[in-house]
Amino acid sequence: MNPPDYEYLRKLLKDHSGLDLSADKQYLIESRLLPLARKAGLPGIPELVQKMKGGANVLVGQVVEAMTTNETFFFRDKVPFEHFRDTIMPELLKARANRKSIRIWCAAGSTGQEPYSLAMCLKEMGAALAGWRVEILATDLSQEVLEKSKAGIYSQFEVQRGLPIQMLVKYFKQIGELWQINPELRAMVQHRTLNLLHDFSQLGSFDVIFCRNVLIYFDQETKTNIFGRLARIVEPDGFLVLGAAETVVGLTEQFKPVADRRGLYRPGDTRAAQARPAIALAVAPKLAVAGG
Ligand SMILES: C[S@@+](CC[C@H](N)C(=O)[O-])C[C@H]1O[C@@H](n2cnc3c(N)ncnc32)[C@H](O)[C@@H]1O
């Protein structure tokens, strides 16, 4: 690939998705974009770049999606879900005892394994959530992964990654060689396309934000900017969960690590001092978690 085309694509990806590619990732671009170019009837990447420069916005969207890494699996890294079950939910059950509602945001939910893992954790809590309303909002930049998440249909390989067999039996139905998560769990997760580079204040406030394995692709300035905006919509006594290779340390003072809870963060002092009521999300109805 010629250097000007590479630079054009690097800038385009940085501007549209935050993806910060180093100077030596030509192979990655070629392996992901050559099939896309061929599908569009173009001989190669130079022609793809030419088309985009000529204003082919549909292609821009396809290029951005093709370059996202959608890797995910059920109960990925385990520990965050243990924090959710053992630290986050017990604390919120006390703190929200009056209003009996909790809002959770999976900020890069990919094909759904993460939000559905949270939905299964909630279902496992049974009677403790009777009468509570718990929303899970799953968003992602990629429309394609969200469609898969909405359908909740997974291959044998996908359900074998991280999902305990008892949960597979309990919460999924086999359809030929595939498995679909049951309608009750599907109804617990709302879906919405959302680019983290754009304003997300309209989502309202959240008690828990899972933002895992996406910031890792961004540069420091973008991460700091996103942390600042996440801090404004997390409840002052809420939680932020990051991926195993991600941290706030050195990037923002707006979140502080929770001692002995790897990957778990809470708003820093300034935010925590401001108690403010939750704002309801206009587009997503609150969902009743079947309690008990
Ligand atoms: C590696 S997956 C992580 C999925 C899940 N959070 C997990 O940890 O298993 C990263 C996801 O981030 C999404 N993504 C990438 N850039 C994004 C952006 N600017 N805004 C929102 N989502 C983005 C990708 O489409 C992809 O589905």
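By class, the shell around the ligand holds nine polar, six nonpolar and five charged residues. The model is predicted. The ligand sits in the largest pocket. Three polar contacts, to A108, D140 and L196, are set out below.

**Shell around the ligand**
- The ligand has 20 residues around it.
- Nearest to the ligand are S17, T72, A108, D140 and N213.

**Polar contacts**
- D140 uses its side chain: one of its N or O atoms there is 2.6 Å from an oxygen atom of the ligand.
- A108 uses its backbone: a polar atom there lies 2.8 Å from a nitrogen atom of the ligand.
- L196 also contributes a backbone N or O atom, 2.9 Å from a nitrogen atom of the ligand.
- On its own, the ligand has 600 Å² of accessible area, and the protein covers 98% of that.

**The pocket**
- The largest pocket holds about 460 Å³ of space.
- Its lining is made up of 27 residues.
- Closest to the pocket centre are T69, A108, D140, N213 and V214.
- The lining comprises 13 nonpolar, nine polar and five charged residues.

**Residues in both lists**
- A108 is among the residues nearest the ligand and among those closest to the pocket centre.
- D140 is likewise among the nearest to the ligand and among the closest to the pocket centre.
- N213 also appears among the residues nearest the ligand and among those closest to the centre of the pocket.

Notes:
Residues numbered from 1 in each chain as written. Predicted model: local features only at pLDDT ≥ 70, side-chain atom pairs only at ≥ 80, totals over all residues. Heavy atoms only, no water. 1 Å grid on protein atoms, 1.4 Å probe; cavity = no way out; pocket = protein on both sides within 12 Å on 5 of 7 lines; lining within 4 Å. Points joined across faces, edges and corners; volume = space filled by probe spheres on them. Nonpolar A, V, L, I, M, F, W, Y, C, P; charged D, E, K, R; others polar. Near = heavy atom within 4 Å. Polar contact = N/O pair within 3.5 Å; in protein donor to acceptor, adjacent residues only side chain to side chain. Areas by Shrake-Rupley, 256 points an atom, 1.4 Å probe, with all protein chains shown as cover. Sits in = over half its atoms within 2 Å of the grid points.
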